[in-house]
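Here are some notes to read alongside the model. They go through it point by point, and each point can be checked against the structure shown.

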Amino acid sequence: MRAIELARAIRAGERSAVSVIETCLDRVTARDASLNAVTRLLAERALGQARRIDSVVGSGGDPGPLAGVPFGIKDLFDVEGLVTTAGSRVLANEPPATLDAPLVRRLVEAGAIPLATTNMDEFAYGFATDNAHYGLTRNPHDTTRLAGGSSGGSAAGVAAGYFPLSLGSDTNGSIRVPASLCGVWGLRATQNRLPTEGSFPFVASLDTVGPFTASAADMRVVVDVLTGETLARVETDGLRLGRLGGWFAADLSPEMGAALDGFCRALNVQREIRLPDVAAARAAAFVISASEGGALHLDRLRRQAALYDPAVRDRLLAGALVPAPNVFRAHKLRRWFRARMHEAFDTADLLIAPAVVGEAPRIEAPVLVIGGKPVPARANLGLYTQPLTLAGFPVLTAPLAVDGLPLGIQIVAPPGREDRLIAFGEALERSGLARARILED
Amino acid sequence: MTPEEQLVARAAALDLNVPEEYRSEIMRNLALIGQYEALIMTVDLPERLEPAFEYHP
């Protein structure tokens with residue numbers, strides 16, 4: 001189910017928006033007991049909006065480029081009339097949102113229909129979508145495996161065919177990790193390009209919000225809608241591609257190593273680029289996240305610590321205790337690393353890196369091998385995403401067309417060059433090198 | 001100071017009472033953060049480098 005095909009059929013009157021929404025609601029109801037991607041179905045609102053779309057189509061009006069397309073919303077975005085939980089019981093007694101978040105509103109204005117809110121790690125602090133209050137989200141392609149996080153419900157919902165489009169947030173990799181593990185497209189836009197207003201924050205310095213889609217072609221339409229601009233159709237022939245080496249080439253699973261080698265061979269990527277001090281860049285992202293997250297929750301932790309998911313609570317409490325000089329230094333390193341990233345683009349137009357070390361870890365034995373040693377997957381799924389977070393450059397996660405479980409890569413562009421990313425993604429999709437993995441009925 | 005004494009002292013400075021049953025996990029997290037703090041210190045940064053509070057990528 002691709003968004004643009006669905007919208008075309010609805011706009012042409014070949015399908016009714018109501019029938020699409022009813023089908024999607026039925027699909028979620030039938031399947032989600034095994035996946036746990038969805039936290040709340042928005043059936044009444046969705047059907048009401050679908051009737052309005054059908055009415056506009058019936059009267060010859062323009063229902064928008066995403067007419068009737070259902071979408072999922074990570075549970076940290078404001079949705080009018082609902083309490084924004086951010087995946088936590090701590091916020092359960094907050095008043096309901098009085099407005100949709102801007103990103104939700106922009107999709108709705110383009111005709112898209114909010115179908116469900118989706119599961120996440122509490123307060124977006126995790127890479128597993130393993131939530132003490134709302135449960136664990138399972139990978140649609142193998143329910144014994146993690147979907148990744150923290151936007152795992154949004155990624156799994158697209159992969160499961162619940163909706164062809166969803167919204168997530170990415171601070172340290174929370175779009176890129178689940179997109180890779182679930183086999184869908186995900187975009188971490190340039191820092192500050194998409195408004196975080198109306199979403200519950202995690203790390204204000206690093207937070208971004210963005211979409212998951214079932215195709216690169218869908219991503220173009222969705223990014224146009226979310227930015228309110230029309231992305232240029234960039235020529236991709238002749239783009240200089242660089243493969244990130246060093247940190248980004250170590251610790252790959254055999255499957256990811258072979259897939260990435262094959263991908264680079266197919267595109268004749270000869271250039272290897274090594275960024276300096278990537279370990280320190282990742283460390284800086286970690287320290288800033290811990291500290292800002294802890295500071296944000298400090299007052300609630302004084303009063304309501306027992307209400308938190310224990311794993312998140314202990315991370316936040318530790319983060320609140322980080323000495324300020326170390327956070328200050330992490331921010332200096334951020335400035336320094338940004339300059340190194342800009343230098344990397346002196347010899348390349350796009351950078352290629354793995355999104356994660358390999359396929360989705362097993363739920364019962366969530367371990368990755370890093371530096372030759374088994375380490376907890378939950379803390380290390382962001383190995384390749386966290387350093388890039390620090391620079392704030394835009395990153396498109398593309399699902400490689402491989403056999404077996406999904407594997408995703410990160411494609412990095414200079415700031416503001418989402419047009420280059422999307423055009424390249426479309427070219428990969430047309431050539432068959434990338435393809436989302438969506439469950440069919 | 002033991003790690004637990006450090007934890008309690010830092011928490012007290014923030015008017016934060018940390019129940020004993022939370023402390024072992026918090027100390028584990030603090031040890032992990034400490035590893036990352038040490039990594040940041042390995043990079044030689046100019047004294048006049050501006051921190052990235054007002055950040056444009």
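1. Start with one residue pair. A:Leu244 stands opposite A:Ile273, which belongs to strand S12 of chain A. The model is a predicted one, so please read every value below as computed from that prediction.

2. The strand on the other side of this pairing is S11, residues 241–244 of chain A. S11(A) and S12(A) run parallel, and 3 bridges join them.

3. Now place these two strands in the whole sheet. The sheet is open and has 11 strands of chain A, with mixed pairing, in the order S1-S3-S2-S8-S10-S9-S16-S17-S13-S11-S12. Which strands are at the edges? They are S1 (38–41) and S12 (271–273) of chain A, and each pairs on one side only. From one strand to the next, the twist averages 30°.

4. Strand S17 of chain A (residues 408–412) deserves a closer look. Is it enclosed or open? Buried here means under 20% relative accessible area. By that cut-off 5 of the 5 residues of S17(A) are buried, so the strand is largely enclosed by the rest of the structure. Both of its faces are covered. On one side the buried residues are A:Gly408, A:Gln410 and A:Val412; on the other they are A:Ile409 and A:Ile411.

5. The neighbours of S17(A) in the sheet can be described in similar terms. Strand S13 (residues 350–354) of chain A is joined to S17(A) by 4 bridges, and the two run antiparallel. S16(A) is joined to S17(A) by 5 bridges, also antiparallel. A:Ile411 is the bridge partner of A:Ile352, and A:Ile411 is also the bridge partner of A:Leu396.

6. A helix lies across part of this sheet. Helix H7 (residues 216–227) of chain A crosses strands S8 (165–169), S9 (185–188), S10 (209–213) and S16 (395–399) of chain A. Relative to S10(A), helix H7 runs at about 150°.

7. A:Ile411 comes up again in the nonpolar core. The largest such core has 173 residues, and those that touch the most other members are A:Leu66, A:Leu107, A:Leu333 and A:Ile411. Helix H9 (residues 278–304) of chain A gives the most to this core, with 12 residues.

8. What does A:Leu107 touch? Leaving out residues up to four places away in sequence, the contacts of A:Leu107 are A:Leu66, A:Phe71, A:Ala112, A:Leu165, A:Leu167, A:Val222, A:Val225 and A:Leu226.

9. Next, the open space. The largest pocket holds about 910 Å³. It is lined by 40 residues, of which A:Phe286, A:Arg378, A:Ala379, A:Asn380 and B:Leu32 are the closest to its centre. Elements that each supply at least two residues of this lining include H9 and helix H10 (310–320) of chain A, and helix H2 (20–41) of chain B. H2(B) gives the most to the pocket lining, with 8 residues.

10. Last, the enclosed space. How many cavities of 30 Å³ or more does a search of the whole structure find? The search finds 1. The largest cavity holds about 40 Å³. Its lining consists of A:Tyr125, A:Phe286, A:Ala290, A:Arg315, A:Ala318, B:Asn29, B:Leu32 and B:Ile33. H9 and H10 of chain A and H2 of chain B each supply at least two of the lining residues, and H2(B) gives the most, with 3.

Definitions and conventions. Residues are numbered from 1 along each chain as its sequence is written. Chains are lettered from A and ligands numbered from 1 in the order in which they are written. This is a predicted model: local features need pLDDT of at least 70, side-chain atom pairs count only at pLDDT 80 or more; totals for chains, interfaces and linings use all residues. Side-chain values use heavy atoms; hydrogens and water are left out. A nonpolar core is a set of buried Ala, Val, Leu, Ile, Met, Phe, Trp, Tyr and Cys residues joined through side-chain atoms within 4.5 Å. Buried means under 20% relative accessible area, exposed over 50%, partly exposed in between (1.4 Å probe, protein chains only). Contact means heavy atoms within 4.5 Å. Two strands pair if DSSP finds at least two bridges between them. Axes are lines fitted to C-alpha atoms, for helices over the stretch in contact, and angles run from 0 to 180 degrees between N-to-C directions. On a 1 Å grid over the protein atoms alone, a cavity is a set of points where a 1.4 Å probe fits but cannot get out, and a pocket is an open set with protein on both sides within 12 Å along at least five of seven lines; lining residues have an atom within 4 Å of a point. Grid points are joined across faces, edges and corners, and a volume is the space filled by probe spheres set on the points.
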